[in-house]
Amino acid sequence: MIARIKNALAARRAELKEEKGFTLIELLVVVIIIGILAAIAIPVYVGVQNNAKDSAVQSDVANLKTAVVSLETSNGTMPAGLTAVTTLSATWTGAGATIGSNTSGLTYKAGTGTAFCVAGLSSTGSVFSGTDTSGITKSAATTLAAACP
């Protein structure tokens, strides 16, 4: 009986010697590869986030442009201007204007006749503007006041 137990233990020891785990070098290589992938992916992700924030501001500026036309059509006169607002009155929201969490400010300035300029500042620092005759574009200006002089 003791011989049988000894043989069973010897067989088990032989099995344990055959089992292998990962070496420290193999684990370090995996960690380095994961680090390289993270170093590539994180900046790309931040860039995508900033593009999404800028797109939201462009949408808010386009909505403000539509609201200006709507209010001018409804009232027969151009609405009063807005200067770097962060919240909109019920009149503006009722006409379709929106201001999202990524929009740091909106400006609307009436021109002569039915001409006007609208601009929005993104939380990324980008300024977007448009007029009654142009679409929404990224402005070279760095402030709302400079985007609609």
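## A tour of the sheet and its surroundings

Start by selecting Val85: this residue stands opposite Leu106 in β2. The model on your screen is a predicted one, and this pair makes a handy doorway into its sheet. Val85 belongs to β1, which covers residues 82-85, and β1 pairs with β2 in the antiparallel sense over two bridges.

**Zoom out to the whole chain**

Before going further, show the full trace. You should find four helices and five strands, running α-α-β-α-β-β-β-β-α from the N terminus on. With a radius of gyration of 32 Å, well over the 15 Å that the globule rule gives for 149 residues, the chain is more spread out than a compact globule. Turn the C-alpha trace along its principal axes and the spans come to about 110 × 30 × 20 Å. Of the 149 residues, 25% count as buried. Among contacts with a separation of 6 or more, 48% are between residues 24 or more positions apart.

Now colour by pLDDT. The average for the chain is 90, and 97% of the residues score at least 70. Helix α1, residues 2-18, has the lowest confidence with a mean of 77, while β3 has the highest at 95. Where pLDDT is low, predicted coordinates should not be read in detail.

**Walk across the sheet**

Next, select the five strands together. They form an open sheet in the order β1-β2-β3-β4-β5, with antiparallel pairing. Its edges are β1 and β5 (137-138), each of which pairs on one side only. Add helix α2, residues 24-75, to the view: this helix packs on the sheet and touches β1, β2 (103-110), β3 (116-122) and β4. The direction of α2 makes about 155° with that of β3.

Step from β2 to β3. Seven bridges hold this antiparallel pair. Pick Ala110 and you will find its bridge partner, Phe116, in β3; pick Lys109 and the partner in β3 is Cys117. The two strands form a hairpin with five residues between them, and Gly113 in the turn has a positive phi of about 65°.

Keep going to β4, which runs antiparallel to β3 and is joined to it by five bridges. Here Leu121 has Val127 in β4 as its bridge partner. This hairpin has four residues between the strands, and Gly125 takes a positive phi near 100°.

One more step takes you to the edge. β4 (residues 127-131) and β5 run antiparallel and are joined by two bridges. Select Phe128 to see Lys138 of β5 standing opposite.

**Stop at Ser122**

Is β3 mostly enclosed or open to the outside? Six of its seven residues are buried, so the strand is largely enclosed by the rest of the structure. Ser122 sits in β3, and this serine counts as buried because its relative accessibility is 2%, where the cut-off for buried is under 20%.

Which residues does Ser122 touch, leaving aside those up to four places away in sequence? Highlight Lys53, Asp54, Val57, Asn102, Ser104 and Phe128. Three of these names already fit elements you have toured: Lys53, Asp54 and Val57 fall within the 24-75 range of α2. Then show side chains, and look for the polar contact between those of Ser122 and Thr124, at 3.0 Å.

**Finish at Ser134**

For the last stop, select Ser134, in the loop between β4 and β5. Is this serine buried or partly exposed? Its relative accessibility is 30%, so Ser134 counts as partly exposed. Its side chain makes a polar contact of 2.9 Å with the side chain of Thr131, a residue of β4.

Finally, draw a C-alpha to C-alpha distance from Ser134 to Ile5. The two residues are 129 apart in sequence and 91 Å apart in space. Ile5 falls in the 2-18 stretch of helix α1, where confidence is lowest.

Technical notes:
Residues numbered from 1 in each chain as written. Predicted model: local features only at pLDDT ≥ 70, side-chain atom pairs only at ≥ 80, totals over all residues. Heavy atoms only, no water. Pairing = 2+ DSSP bridges. Contact = heavy atoms within 4.5 Å. Axes fitted to C-alpha atoms, helices over the stretch in contact; angles between N-to-C directions. Buried < 20%, exposed > 50% of the residue type's maximum accessible area, 1.4 Å probe, protein only. Polar contact = N/O pair within 3.5 Å; in protein donor to acceptor, adjacent residues only side chain to side chain. pLDDT = per-residue confidence, 0-100. Rg over C-alpha atoms; globule rule 2.2 N^0.38 Å.
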